[in-house]
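Me: Could you walk me through how the parts of this model fit together? I'd like some reasoning along with each answer.

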Amino acid sequence: MIRLSRWKVIVCVLATIFGVLFTLPNVLPQSALAQLPPWMPHQKLNLGLDLQGGSYLLYEVDITALKKERLNNLIEDVRTTLRENRIVFSDLGLVNGQLMVRITDPAQADEAYKQLQTLGQPLPTGGREVTVQTAPDRHIRLFISDRAMEQEAVQAVKQTIEIIRRRVDALGTREPNIVQQGSTRIVVEAPGEADPNRLRAVIGQTAKLTFQMVDDTVTPEDIAAGRVPPDSIILPEEDGPEQQLAVKRRALVSGDMLTHASAGYDQFNRPDINFRFNGQGTRRFAEATSQNVGKRFAIVLDNKIISAPNIQEPITGGSGQITGNFTLEEANNLALLLRSGALPAPLKVIEQRTVGAELGADAIHAGQVSTFIGGAAIFLFVILAYGLFGWFAAAALVVNGLLIVAFMSLTQATLTLPGIAGLILTLAVAVDANVLIYERARDEARSGRSIMASIDEGYSKAMGTIIDANLTSLIAALIMFQFGSGPVRGFAWTLSIGIFTSVFTSVLITQVLIAWWFRAARPKRLPILEETPMREQTR
Amino acid sequence: MKWWPLIKILPVKTRFHFVRRSKLFAVLSVILVIASLIGCFVPGLNRGIDFKGGTVLELSTPQPVQLGKVRAAVNRLDLGDVGVQTFGTRDDPQGLRHVSVRFQTPTGADPTATVTRVEQALNQALGQVTYSRADVVGPKVSGELFRNGILALAIAIALMLLYIWFRFELQFGLGAVAALFHDVILTFGLIVALRIEFDLKLIAAILTVIGYSMNDTVVVFDRLRENMRKYKRMPLSELIDLSINETLTRTVITGVTALLALSGLALFGGEALRAFSIVLMFGIAIGTYSSIYIASPIVLLWGVKRGEDAEIITPHGARP
């Protein structure tokens, strides 16, 4: 013990300073924190949603819907291609996820095959997105390769995250956390946002905007009977689903050609949305409106018709308004959605957790009280049990607590309510290392060693056990981290940090303290040894 | 002061015959394990929404809530089995104004839209309502969470076996794992017996129990291994008794510390942590018991190879 190496003292002092410095921001009031010099750490503990309140949303990107939409688009592409080349066809439709079409005139079959092969983009890995095959009886079969679909799904998820980020940022919610989970899932965590409805309304809407011509050859009776030409579709109106209109499937212009959208008021002082197209959009809209003066077009959002105005004159300026039955808030939200772009695939909420700020504050209070009481119980017991050596262990516990809070603040790991339980338990189990050492030292002293030798032996012999015992806890914590989610991960993280700091403080800090005490007091016998030292009986 | 520090008045050297009594305790443990296993199926675990899917809403109103009104409002929506319960908080210990509502999302319905419908119905029935919590777990997610939870427990036990095998010997590993199964199954038994809601937090609690129980077992095993080298000819059963007795002071002090610390959590940690800390406390107690009466005696059952001395193991009372 006399040969207490200098590095041990230095490491202990440095660790204590580190612990104090990084814990400090958590206990200082906000005003004092602002006055800290810039070289001091400012980061506080990162409280989980269960402690500070907020919303957690788990979304799944609907890949099946993406596939379906992709195939529907392909049908339209096939129809257009064949028409443009004046190829007569029939029976265009989906059979078992594959697209089939029958070419009426055998003489045109080769031409049709050739033209359809131009559909879809070439893949970077070779081949094309769309595979075209001839089938018996003048049929042509088209399908999208699995690999292309997979790539598209990956792309869609990435794009969705980007769009969600833009939308949530525009809401002004406090630093939301958006991360991908697995291949098709997205987690959105918004601390402080206790009303998930607003968040959901903004994130979940596909916001696919299209301008489509109304098919005026279709009569209301046809719509009621569901009779429409193959290139038209019946869509409900936003204001009342019982009102329906038939519109052309092909979009004149779509939301991705918008460069600007904002909420405003029309001449009757009703909220509306002002928008502007990009060059391509302007050109296509001008063309379409010039050819169709006097006819109606429909403004369609997520397969619902918002409005279907008459074209009074060609619109060549590339800007316009969308009027509908909006409140100002709806108009604002919609403008936001249009600006940030449409989701490539529908999103579904598959898990949602919301905690109100008040409940979070209650949880923090409960956590503080129980940490205090738990800590006090540990202190009292260890001092009662080991006297002076108990004080040393208690001092190590204080440094341990500081270090855990410091590391949690530094790494900005999330502290959750179960995490607080993990903290208390860690402190309790940290004592175990000291108990192991002290008991060893007593054994050694009983077998007649000098006080110095028994303490030294206590430390060195207990070390193996301490490492073994803590490694098992670490394994359990790592598994929790791997398989757990949310609060459980917070618990595992607190536990893992605690295991490292515990071994460090219970071994090193107490060692330095005991060595100092030893030099100062020069004790003759171990204070934790029973009054009447008893030689261990040999058996 | 004669009694302080306490350690001075603890018996210096205990001579309990743990191994001799382990048969009795083994019978007791087997009965409890079987009872717990049966309990896991009948009446079965009380799965929370984490593992069952569905929704929990927690709400409060300025005046005391009439539960009948809440029930009637939600029942009108035809959601099937609806659970309505009051719960206490810091500012309302009797739980007069705080209610939790649980329900399942009808198949095919949108879960979050269902929540909105329920909230509207409750707003209408109760007037001013504040929602403090809304948890919605879809059926796909709940299934995955349950599978992952059970998988985590299985992997934890398997890794512990490997670790002990690697650090000690296979026989020790088997003893440790038998003790772990014992602890985990009895903890499940407690969860069933107290009708505690089985959720993600409890998986974390059980994993912690696994970690602690192993911790305890390792300390005894460590001493056992050391004593095996020290007293080469002492019969294994006596060695085990000796090792447990030698580490008993530590076992008691560490166990009591952990239980004291957690009792603070159970008493003051609020509703959210009560079940969690009770399970932890039970697990720590049972983990301590199992390292003494399950893990070590099982090592004896299998026997351990002890090099050349293996053949010279002498009957009781042999001295080197």
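Reply: Happy to; the questions below go from the chain contact to the helices, the sheets and the domains, and please keep in mind that this is a predicted model.

Me: How many residues does each chain bring to the contact, and how many on the side of chain B are nonpolar, polar and charged?

Reply: The contact takes 67 residues from chain A and 64 residues from chain B. On the chain B side, the elements that each supply at least two residues are α4 (111-126), β5 (130-137), α5, α7 (200-230), α9 (248-268) and α10 (270-302). Sorted by class, that side of chain B has 38 nonpolar, 16 polar and 10 charged residues.

Me: Let's take one helix pair across the contact. Are α14(A) and α5(B) roughly parallel or antiparallel?

Reply: Look at helix α14 (residues 451-483) of chain A and helix α5 (residues 139-167) of chain B: their axes come within 10 Å and cross at roughly 155°. Angles over 145 degrees count as roughly antiparallel. α14(A) and α5(B) are therefore roughly antiparallel.

Me: Which residues make that contact, and how do they divide by class?

Reply: α14(A) contributes A:Asp468, A:Leu471, A:Thr472, A:Ile475, A:Ala476, A:Ile479, A:Met480 and A:Phe483. From α5(B) come B:Asn148, B:Leu151, B:Ala152, B:Ile155, B:Ala156, B:Leu159, B:Met160, B:Tyr163 and B:Arg167. Counted by class, the residues of this contact are 13 nonpolar, two polar and two charged.

Me: Which strand of chain A is joined to β5(B), and which residue stands opposite A:Thr354?

Reply: Strand β17 (residues 347-355) of chain A is joined to β5(B) by five bridges. These two strands run antiparallel. Opposite A:Thr354, in β5(B), stands B:Ala134.

Me: Now within chain A, how are α1(A) and α15(A) placed, and is their crossing left-handed or right-handed?

Reply: Helix α1 (residues 6-27) of chain A packs against helix α15 (residues 487-521) of chain A at an angle of about 115°, with the axes 10 Å apart. That makes α1(A) roughly perpendicular to α15(A). In this packing, A:Lys8, A:Val9, A:Val11 and A:Cys12 of α1(A) meet A:Leu508, A:Ile509, A:Gln511 and A:Val512 of α15(A). As for the sense, α1(A) passes α15(A) in a crossing that is left-handed.

Me: In the open sheet of three strands in chain A, which strands stand at the edges?

Reply: The order of the strands is β12-β13-β16 (chain A), with antiparallel pairing. Each edge strand has a single partner, so one side of each is left without a neighbour in the sheet. The edge strands are β12 (258-265) and β16 (319-323) of chain A.

Me: What packs on that sheet, and at what angle to β12(A)?

Reply: β12(A) pairs with strand β13 (residues 271-277) of chain A over seven bridges, and A:His260 stands opposite A:Arg276 in β13(A). Helix α10 (residues 328-340) of chain A packs on the sheet and touches β12 and β13 of chain A. Its direction and that of β12(A) make about 175°.

Me: Finally, what separates the centres of domain 1 and domain 3 of chain A?

Reply: The assignment for chain A gives domain 1 (6-50 + 359-521), domain 2 (63-149) and domain 3 (205-353). Taken over C-alpha atoms, the centres of domain 1 and domain 3 of chain A are separated by 62 Å.

Note on methods. Residues are numbered from 1 along each chain as its sequence is written. Chains are lettered from A and ligands numbered from 1 in the order in which they are written. This is a predicted model: local features need pLDDT of at least 70, side-chain atom pairs count only at pLDDT 80 or more; totals for chains, interfaces and linings use all residues. Axes are lines fitted to C-alpha atoms, for helices over the stretch in contact, and angles run from 0 to 180 degrees between N-to-C directions. Helices (H or I, at least four residues) and strands (E, at least two) are DSSP runs, numbered from the N terminus. Angles under 35 degrees count as roughly parallel, over 145 as roughly antiparallel, 65 to 115 as roughly perpendicular and the rest as oblique. Two residues are in contact if their C-beta atoms, placed from the backbone, lie within 7 Å. Ala, Val, Leu, Ile, Met, Phe, Trp, Tyr, Cys and Pro count as nonpolar, Asp, Glu, Lys and Arg as charged, and the others, Gly among them, as polar. Two strands pair if DSSP finds at least two bridges between them. A crossing is left-handed if the near helix is turned anticlockwise from the far one by less than a right angle, and right-handed if clockwise. Domain bounds come from an automatic or database domain assignment.
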